[in-house]
Amino acid sequence: MSLAGRRRGPESALELLALEGVLTVGQVAETIDGIAAVQRPDGSIPWFVGGHLDPWDHTEAAMALDVAGRHDEAERAYRWLASRQEPDGSWYAAYVDGVVTDRNKEANFTAYLAVGLWHHHLLTGDEEFLVRMWPKLRAAMGFILDLQAPGGEIRWKRDEHGVPVPDALLTGSASMYQALRCALAIAEHLGEPQPDWELAAGRLGHAVLSHPERFLDKNRYSMDWYYPILGTALRGPAANERIKDGWDTFVVPDLGVRCVSDRPWVTGAESCELAIALWALGESDRAVEIVSWIQRLRHEDGLYWTGYVFEDDAIWPVERTAWTAGAMILATAVLGGEPATTAVFGGGGSAFAGDGLPVGLAPEQVRCGSELCVDGV
């Protein structure tokens, strides 16, 4: 992959993020300024000023700054992660003002560094920074691979005592599949072969596609519906069928996407993530429509309320999160064809092939338990 190039300034970058009839260049600039205003001097990006930070949402917000040409702020965010990484390669689940407030270590939170770093490199071409961050990435991947079960799924966390939980989550594993693919892209770019990552990616992608029984049942949550697509594992007719099957359950016309199927609550981040998944399947018109619906969550400061309870006509919770704004910016980036963002979200192609990111071992090479498994791919 050879997308990496010169750093773009904010003015030229913002033009790709505007969405005709939905967001103007000026409105995009307000949103980016809103995210930057949440960032602390040490580089960390909490949910909102005075709120807590988790590493996944911190990275998503950094990606939004990056794609808008705010590369220095994004690099500061990644430097903060580098400075806070634990000896085992992980990060804790939550921090407030730099103080750990949740001592669980979630695999998905740790893995997402790979997506952010590859995105940053494709946008900036900063070879020196990528090389400097390589040991941090390698340690993070070691942490998540240590949690991979024999069936390919990745157990979702180590608890506050350092003990791995026995269960895996489909959403988290689908996101980690994307992260492993980005990590492999970085390894390939740096000439650092990682055969263990290739094996892990193949096994994980196969579990996401073919073995729902290996994950906790979270079918009430819309993320379990679309994340196999968002995380780049699922494409083609099966992906289109999955979207069709869940559409009426989770999508509320003119409002957005429910977080949970049996609650009258639509959320901005889930709506934007579904838009990215739709774009990846060639459904850009529907994606734009969904992004337009959630402009009702936009505040005059450019940030977005987290969600809306439509039965009560109420904003809830009463908070405007940097990661919701980040999800909006990443959605408009893929819809605008921004090359680095489209690359990390793997548009086009079919399962395990065709979108530019390394895939690891092909499914027929992956052992499923003790037997070679070729079913349902």
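1. The largest cavity in this predicted model encloses about 70 Å³ of space. Helix 3 (55–67), helix 10 (222–230), helix 12 (268–280) and helix 14 (322–335) are the elements that each give two or more residues to its lining. Helix 12 gives the most, with 3 residues.

2. The residues that line the largest cavity are Trp 56, Glu 60, Tyr 112, Gln 178, Tyr 227, Leu 230, Cys 272, Glu 273, Ile 276, Ala 327, Leu 330 and Phe 345. By class, this lining has 9 nonpolar residues, 1 polar and 2 charged. Anyone inspecting the site can start from helix 12, the element with the most lining residues.

3. In total, the structure holds 2 cavities of 30 Å³ or more. The second largest has about 50 Å³ of space. Its lining is made up of Arg 40, Asp 42, Ser 44, Pro 46, Gly 51, Leu 53, Trp 80, Tyr 95, Val 96, Asp 97 and Gly 98. These divide into 5 nonpolar, 3 polar and 3 charged residues.

4. On the overall fold, the protein contains 15 helices and 11 strands. The C-alpha trace spans about 55 × 45 × 40 Å along the principal axes. For 377 residues, a compact globule would have a radius of gyration near 21 Å, and the 19 Å found for the protein agrees with that.

5. Burial and contacts are as follows. Of the 377 residues in the protein, 60% are buried. Among contacts between residues at least 6 apart in sequence, 67% join residues that are at least 24 apart. The exposed area of the protein is about 14,500 Å², and carbon and sulfur atoms supply 50% of that area.

6. One charged residue deserves a separate remark. Glu 73 is found in helix 4, which covers residues 71–84. Is Glu 73 buried or exposed? Its relative accessibility is 17%, so Glu 73 counts as buried, the cut-off for buried being under 20%. Leaving aside residues up to four places away in sequence, Glu 73 touches Gln 39 and Leu 65.

Technical notes
Residues numbered from 1 in each chain as written. Predicted model: local features only at pLDDT ≥ 70, side-chain atom pairs only at ≥ 80, totals over all residues. Heavy atoms only, no water. 1 Å grid on protein atoms, 1.4 Å probe; cavity = no way out; pocket = protein on both sides within 12 Å on 5 of 7 lines; lining within 4 Å. Points joined across faces, edges and corners; volume = space filled by probe spheres on them. Helix = DSSP H or I, 4+ residues; strand = E, 2+ residues; numbered from the N terminus. Nonpolar A, V, L, I, M, F, W, Y, C, P; charged D, E, K, R; others polar. Rg over C-alpha atoms; globule rule 2.2 N^0.38 Å. Buried < 20%, exposed > 50% of the residue type's maximum accessible area, 1.4 Å probe, protein only. Contact = heavy atoms within 4.5 Å. Areas by Shrake-Rupley, 256 points an atom, 1.4 Å probe, with all protein chains shown as cover.
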